[in-house]
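Student: I have a chain open in my viewer and would like to go through it with you, beginning at the surface. Could you take me through it step by step?

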Amino acid sequence: MATTAELFEEPFVADEYIERLVWRTPGGGSRGGPEAFDPKRLLEEFVNHIQELQIMDERIQRKVEKLEQQCQKEAKEFAKKVQELQKSNQCILRNIVELCCLPGVVWALGLAN
């Protein structure tokens, strides 16, 4: 029997998922005629798969929440780093402007009129 995760294909289509589940469940499809059909077994499989889907959903939700928290943390760190770089660049620019205003530097750079 295939696991719930193996039954998934992108994109998820509920009707196809149910059909694959029915055909993979012994006594769930029309193979073997009406006498082979076992509604109790099919119900049991549906209940089991619903539980598996709920567990998968909870796991995925936890992963999503963890990734969202990680992204928020990284965004804050990057914003802080950008601010630090902007401050550093302002200081550098201020130093360049001060150097360019010195008479000897202006002459050495060929900026004098």
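Student: Which residues form a nonpolar patch on the surface?

Tutor: This is a predicted model, in which local features need pLDDT of at least 70 and side-chain atom pairs count only at pLDDT 80 or more, while totals for chains, interfaces and linings use all residues. Residues are numbered from 1 along each chain as its sequence is written, and side-chain values use heavy atoms, with hydrogens and water left out. A patch takes residues with over 30% relative accessible area and no salt bridge, joining nonpolar side chains (Val, Leu, Ile, Met, Phe, Trp, Tyr) within 5 Å and like charges within 9 Å. With about 360 Å² of accessible area together (Shrake-Rupley method, 1.4 Å probe, only the protein chains shown counting as cover for residues), the patch is formed by I92, L93, I96 and V97.

Student: Is L93 buried or exposed?

Tutor: Buried means under 20% relative accessible area, exposed means over 50%, and partly exposed lies in between, with a 1.4 Å probe and protein chains only. Because L93 has 53% relative accessibility, L93 counts as exposed.

Student: Which helix holds L93, and what does that helix reach from its first C-alpha to its last?

Tutor: Helices are DSSP runs of H or I with at least four residues, and strands are E runs of at least two, numbered from the N terminus; L93 lies in α3, residues 39–101. The expected span is 1.5 Å times one less than the number of residues, which for the 63 residues of α3 comes to 93 Å. Close to that expected value, α3 reaches 90 Å.

Student: Which residues are linked in a network of salt bridges?

Tutor: A salt bridge is a side-chain nitrogen of Lys or Arg within 4 Å of a carboxyl oxygen of Asp or Glu. R41 meets E44 at 3.3 Å, N to O, and R41 also meets E45 at 3.3 Å, N to O. E44 and R41 are separated by about one helical turn because they are three residues apart in α3, and E45 and R41, being four residues apart in α3, are likewise separated by about one helical turn. The network therefore links R41, E44 and E45.

Student: Which of α3's residues are buried, and what is the relative accessible area of E45?

Tutor: In α3, L42, E45 and H49 are buried. E44, by contrast, is partly exposed at 43%, and R41 is partly exposed at 28%. E45 counts as buried because its relative accessible area is 7%.
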